[in-house]
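Biologist: I'm new to this one, so could you pick a single part and walk me through it up close? Keep it relaxed, please.

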Amino acid sequence: QSTDGGENWKMISPDLSYNNKAKMGVYPYLIYHQAITAIAEGNTKFDLWVGTDDGRVWRTNDAARTWREITKGLPRNKHVADIFTYPYNDKTVYVVLNGRREDDHTPYLFVSYDYGATWTNIAYNLPASPVNVFLIDPDKGHLYCGTDMGVYRCKSIGKIWESINGNLPAAVSVNDMFIHPKDK
């Protein structure tokens, strides 16, 4: 954490990965680096959610004094690609997991409505393609996700995902998305 624009840093967590030396740098696919790969701020002060490339998800809500693992109920050992906190409810969080490094093309997209105590898969009809990123349009309430097969939208909390690729090239990998606050 830095409180002075990056001039000085302090460690605010222990190692949150499994830190399994046997899996570090394994060739050719299982290249775990035992690192944090996703982080999201919650809606309240000192609320942080983090995920690692070896599949762990954690939350702290006390200025990082204590960390609580909330991985139970999620597929094991999947790369945490994204975490998104719902802007209007502190209890709701979305987690994107990715099995690409193991040639697993299952779409993993989960939501928790109770701070990560339980998880629900909302990938439903997404194609067999890794999910990379997730966001919510705060004005319309629509869900969006970027996959290795393009962009998808869900207008009703994870019931039916529809492709909105328009004139994007076929099978384009989408790894980041943003809704411009002014132009929408």
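Modeller: Let's start with a term: two strands count as paired when DSSP finds at least two bridges between them. Keep in mind that this is a predicted model. My pick is strand 7 (108–112). Strand 7 pairs with strand 6 in the antiparallel sense, over five bridges. One spot to look at is V95, which stands opposite F110 in strand 7. Strand 7 also pairs with strand 8 (residues 120–121), again antiparallel, over two bridges. There, V111 stands opposite T120 in strand 8.

Now for how hidden the strand is. Five of the five residues of strand 7 are buried, so this strand is largely enclosed by the rest of the structure. Buried here means under 20% relative accessible area. Both faces are covered: Y108, F110 and S112 are buried on one side, and L109 and V111 on the other.

That brings us to the core. The largest nonpolar core has 22 residues, and L109 is among those with the most contacts inside it, along with Y94, L126, F134, L143, C145 and W161. Strand 7 supplies at least two residues of this core, and so do strand 6 (93–98), strand 9 (131–136), strand 10 (143–147) and strand 11 (150–154). Strand 9 gives the most, with five residues. Apart from this core lies another one, of 14 residues, and V95, the residue we met opposite F110, is among its members, as are I70, V80 and L97.

Key. Residues are numbered from 1 along each chain as its sequence is written. This is a predicted model: local features need pLDDT of at least 70, side-chain atom pairs count only at pLDDT 80 or more; totals for chains, interfaces and linings use all residues. Side-chain values use heavy atoms; hydrogens and water are left out. A nonpolar core is a set of buried Ala, Val, Leu, Ile, Met, Phe, Trp, Tyr and Cys residues joined through side-chain atoms within 4.5 Å. Buried means under 20% relative accessible area, exposed over 50%, partly exposed in between (1.4 Å probe, protein chains only). Helices (H or I, at least four residues) and strands (E, at least two) are DSSP runs, numbered from the N terminus.
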